[in-house]
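Subject: Structure handover

Hello,

The structure we talked about is below. Please open it first, then read the notes that follow.

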Amino acid sequence: MLERLSIALEMARALAQVGVAEMACDGAGFSPLSLFLPETQLVSTERSRAFFSSFKDNSVTFFSDKLAVCHCFVGVGGALLVIGPYRTSELKRAEARGCLRLCGADSGLLAEYLAYHRALALKDTGLIRVIARTLLTGVYGDEQEVTEHAFDMLRDEFHGPDDPQCGAPLPAAHAIERTHGMESYYMEQIKLGRFETALSACDAIRERSRPHGAGVDYVSMIEGFAILRTLTRLAVRDSGVPASAVNALTERYKRMAHGARDDEELRPIAVQFISESCALVRQYRKAPYNRQIRQALDIIHRRAGEPLTVAEIAEEVGISANWLTTKFREATGKTPVAYLTAHRLESAAHLLAYTEMDIQSVSASVGVMDSNYFAKLFRKAYGVTPSDYRSNPGLLYAAEPARD
């Protein structure tokens, strides 16, 4: 047995071209996050011990931690072999930020984390599966039945191989209850105008809504955004925002979503929708505005993504531009131009931090068609260029757009 195991190990190392090592069955000394976030505890000691002690011979478990770092555990000959670490995909900047948030890590580590992750060997799960099963065949022959499980910490809670929920769908009632709880939490964050926590809840709902490893087809993508739009509309209405403003916002993003060709194009639309919804809630919670100021705010939020002048706002409200500027500043503390600019830049900051959109597209998306002018406005408001801001998301709340 020992000789066969030794030969199988050498073969696995040659095929995988990543680390393949034997470790204690209790997992002593193993922490997937220790190489990058030594202060982060993966799970409780008791839960970790239960996970590792439940491994059996002739079993394969695929494991991806909160930082999207993968390992494959193989139970063989009374020992536990671990293949890894490796990665299975290119991690986008927005996804990397989400991983750091989930770990409670400093967002200033983004560049270092991306470099760390990209340095890992890029491996296909199918190849690792073949290697693991080949290793087991080398030890046991091909007559033994292999048990296999997969677990991703970014998607679900911690389960060991003997846990009936591991590698199988959750019972329908349990899954519905958990999804409903997350939707309620999302709506509560929208009502409070909290963009970051609302976005995190949205991402969690999105991940739970599709099977592990499954892609997103066009129909399910649009249906998912329709659900998000409905939840958001109800939450914004419940926070006291007038129906006219809510309907204008949701209808605009409904049209934008139907123009998206894939999930990658829909992501920035969802981010901007949540950002604008939270901004609308925060603004209406500040003070009781009169009808004309509310109309002006509705127009700004509805048309922020297109060229818009004070004269156009005043004409739609039915008052003079000078009177609007004076009364608007008395009510909000900003001129209409300053309010519109701050609103656009806040949306732009969220797009820079949480999507892969290029700066020119971000600029156009928030209604500033000249990207050079946008860069000047952004630097004046936040003290850094859009590129520098994107590379350091810790700056997100370090500065506020300048008040007029």
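Helices (DSSP runs of H or I, at least four residues) and strands (runs of E, at least two) are numbered from the N terminus. This is a predicted model, in which local features need pLDDT of at least 70 and side-chain atom pairs count only at pLDDT 80 or more, while totals for chains, interfaces and linings use all residues. Residues are numbered from 1 along each chain as its sequence is written, and side-chain values use heavy atoms, with hydrogens and water left out.

The whole protein

There are 17 helices and 5 strands. Buried means under 20% relative accessible area, exposed means over 50%, and partly exposed is in between (1.4 Å probe, protein chains only). By that rule, 47% of the 404 residues are buried. The accessible surface (Shrake-Rupley method, 1.4 Å probe; for residues, only the protein chains shown count as cover) comes to about 19,300 Å², and carbon and sulfur atoms supply 52% of it. A contact means heavy atoms within 4.5 Å. Among contacts with a separation of 6 or more, 65% join residues 24 or more positions apart.

The strand region

Strand β4 covers residues 79-86 and contains proline 85. The peptide bond that leads from glycine 84 into proline 85 is cis, with omega near 5 degrees. Alanine 68 sits in the loop between β2 (59-64) and β3 (70-76). Its phi is positive, about 60 degrees, although alanine 68 is not a glycine. Alanine 68 counts as buried because its relative accessible area is 13%.

Helix α3

Helix α3 runs over residues 93-103, and its buried residues are Ala94, Ala96, Arg97, Cys99, Leu100 and Cys103. The cover over them includes α4 (110-119), α14 (336-354) and α17 (386-391). Glycine 104, just after α3, has a positive phi of about 70 degrees.

Helix α8

Two residues of helix α8 (residues 218-238) are worth a look, and leucine 234 is one of them. Leucine 234 has a relative accessible area of 44%, so this residue is partly exposed. Its C-alpha atom is 8.9 Å from that of valine 246, which is 12 residues away in sequence. Arginine 233 is also in α8. With 26% relative accessibility, arginine 233 is likewise classed as partly exposed. Leaving out residues up to four places away in sequence, arginine 233 touches Val246, Asn247 and Thr250. Between the C-alpha atoms of arginine 233 and alanine 243, which are 10 residues apart along the chain, the separation is 9.1 Å.

Helix α11

How far apart are the end C-alpha atoms of α11? They are 18 Å apart, which agrees with the 18 Å expected for the 13 residues of α11 (residues 291-303) at 1.5 Å a residue. The expected span is 1.5 Å times one less than the number of residues. Buried residues in α11 include Ile293, Leu297, Ile299, Ile300 and Arg303. Asparagine 290 caps the N-terminal end of α11, with a side-chain oxygen 3.1 Å from the backbone nitrogen of glutamine 292.

Two helix pairs

For the angles below, axes are lines fitted to C-alpha atoms, for helices over the stretch in contact, and angles run from 0 to 180 degrees between N-to-C directions. Angles under 35 degrees count as roughly parallel, over 145 as roughly antiparallel, 65 to 115 as roughly perpendicular, and the rest as oblique.

The axes of helix α12 (residues 310-317) and α13 come within 9 Å and cross at roughly 95 degrees. The two helices are therefore roughly perpendicular. In this contact, Val310, Ala311, Ile313 and Ala314 of α12 meet Ala321, Leu324 and Thr325 of α13. Helix α13 (residues 321-332) also holds threonine 326. Threonine 326 is partly exposed, at 43% relative accessibility.

The second pair is α14 and helix α16 (residues 371-382), whose axes lie 11 Å apart at an angle of about 95 degrees. This pair is therefore roughly perpendicular too. On the α14 side the residues in contact are Thr341, Leu345, Glu346, Ala348, Ala349 and Leu352, and on the α16 side they are Phe374, Leu377, Phe378, Ala381 and Tyr382. Alanine 381 of α16 is buried, with a relative accessible area of 10%. Its C-alpha atom is 8.0 Å from that of alanine 342, which is 39 residues away along the chain.

Regards

Terms used
A polar contact is a pair of N or O atoms within 3.5 Å; within protein, one must be able to donate a hydrogen and the other to accept it, and residues adjacent in sequence count only if both atoms are side-chain atoms.
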